[in-house]
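Visitor: Good morning. I am new to this structure and would like to go through it with you.
Guide: Certainly. Please have a look at it, and then ask whatever you wish.

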Amino acid sequence: MRLDNMLLAEGVSGPEKGAASAAAAAVAAAAGGSPNDGSIEHSDYRAKLAQIRQIYHSELEKYEQACSEFTNHVMNLLREQSRTRPISPKEIERMVGIIHRKFSSIQMQLKQSTCEAVMILRSRFLDARRKRRNFNKQATEVLNEYFYSHLANPYPSEEAKEELAKKCAITVSQVSNWFGNKRIRYKKNIGKFQEEANLYAMKTAVDAASVSSQASQANSPGTPNSGTHSHM
């Protein structure tokens, strides 16, 4: 009963229409998203859930058919045997009960494995949503700055990855994935990213000029009283 309720709640069992999308909406809401946001990830979740649902119903139908066919087969055998020896209704009932219990246990295993598949899918979907939320604008700025300042060789060392991960409050693995994806996108469309590269180059130049100006001011010997002392 508990497994049936879980499958119903997750949109795997129950009415055909709307069950999967209702479950997807519930998961999206739990992840802080909207079921109508049109995101690739959300449609991907719906597609995978629909696939699990289809497999579950297909297997369930096979088991029910096999149970019915096997029960009929046993009943026919018992009828054949009844010609040579008397078979009581209780014996027939007991045999049918054994068959049904066996198929019920198989169905239970199917329900358990289906519930596990949905839970794994759900956790992956929620984890993906959480990871995406970690990539805020500031983190993207830091990663882009590093990428464009090392454009000749945009392959950060492990130490650099660790440093960037700390600055962005994300994992080293996420940093590696970001750089891998960025390199692919950049190579595919260098023209498109050239403007972005110019902007970051200009930003770096302005920052460097600002630092240089501050340093020269700090090291300059000229003070308001220096001229007076020199004439004395």
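Visitor: Where is Ala169 found?
Guide: This is a predicted model. In it, Ala169 sits in the loop between helix 6 and helix 7.

Visitor: Is Ala169 buried or exposed?
Guide: Ala169 counts as exposed, because its relative accessibility is 63% and the cut-off for exposed is over 50%.

Visitor: What phi does Ala169 have?
Guide: Its phi is positive, about 60°, although Ala169 is not a glycine. Most residues other than glycine have a negative phi.

Visitor: Let us move to helix 6. Which residues of helix 6 are buried?
Guide: Helix 6 covers residues 158-168, and its buried residues are Ala160, Lys161, Leu164, Ala165 and Cys168. Seen down the helix axis, these buried residues fall within an arc of 140°, so they line one face of helix 6.

Visitor: And what does the face turned away from the buried side carry?
Guide: That face of helix 6 carries the exposed residues Glu159, Lys166 and Lys167.

Visitor: Which residues is Leu164 in contact with, leaving aside its neighbours within four places in sequence?
Guide: Leu164 is in contact with Val142, Leu143, Tyr146, Val175 and Phe179.

Visitor: How many residues has the largest nonpolar core?
Guide: The largest nonpolar core has 17 residues. Leu164 is among those with the most contacts inside this core, as are Leu143, Phe147, Tyr148, Val175 and Phe179.

Visitor: Which helices each supply at least two residues of this core?
Guide: Helix 5 (137-149), helix 6, helix 7 and helix 8 (190-219) each do so. The largest share, 5 residues, comes from helix 5. In soluble globular proteins, nonpolar side chains tend to be buried together.

Visitor: What does the second, separate core include?
Guide: The second core has 12 residues, including Leu7, Val12, Cys115 and Val118.

Visitor: Val12 is a name I should like to follow. How far is its C-alpha atom from that of Gln54?
Guide: The two C-alpha atoms are separated by 8.3 Å, while Gln54 and Val12 are 42 residues apart along the chain. Gln54 itself lies in helix 3, which covers residues 40-81. Gln54 counts as exposed, because its relative accessibility is 59%.

Visitor: Back to helix 7, please. How many residues does helix 7 have?
Guide: Helix 7 has 17 residues. From its first C-alpha to its last it reaches 25 Å, close to the 24 Å expected at 1.5 Å a residue.

Visitor: And which residues of helix 7 are buried?
Guide: They are Gln174, Val175, Trp178, Phe179, Gly180, Lys182, Arg183 and Tyr186.

Visitor: Why does Gln174 count as buried?
Guide: Gln174 counts as buried because its relative accessibility is 9%, and buried means under 20%.

Visitor: What does the side chain of Gln174 reach?
Guide: The Gln174 side chain reaches the backbone nitrogen of Thr171, at 3.0 Å.

Visitor: Finally, the whole chain. How many helices and strands are there?
Guide: The protein chain has 9 helices and 0 strands. Of its 232 residues, 28% are buried. The chain exposes about 15800 Å², and carbon and sulfur atoms supply 55% of that area.

Visitor: What share of the contacts with a separation of 6 or more comes from residues 24 or more positions apart?
Guide: Such residues account for 71% of those contacts in the protein chain.

Key
Residues are numbered from 1 along each chain as its sequence is written. This is a predicted model: local features need pLDDT of at least 70, side-chain atom pairs count only at pLDDT 80 or more; totals for chains, interfaces and linings use all residues. Side-chain values use heavy atoms; hydrogens and water are left out. Helices (H or I, at least four residues) and strands (E, at least two) are DSSP runs, numbered from the N terminus. Buried means under 20% relative accessible area, exposed over 50%, partly exposed in between (1.4 Å probe, protein chains only). Contact means heavy atoms within 4.5 Å. Accessible areas come from the Shrake-Rupley method with a 1.4 Å probe; for residues, only the protein chains shown count as cover. The arc is that of the directions from the helix axis to the C-beta atoms. A polar contact is a pair of N or O atoms within 3.5 Å; within protein, one must be able to donate a hydrogen and the other to accept it, and residues adjacent in sequence count only if both atoms are side-chain atoms. A nonpolar core is a set of buried Ala, Val, Leu, Ile, Met, Phe, Trp, Tyr and Cys residues joined through side-chain atoms within 4.5 Å. The expected span of a helix is 1.5 Å times one less than its number of residues.
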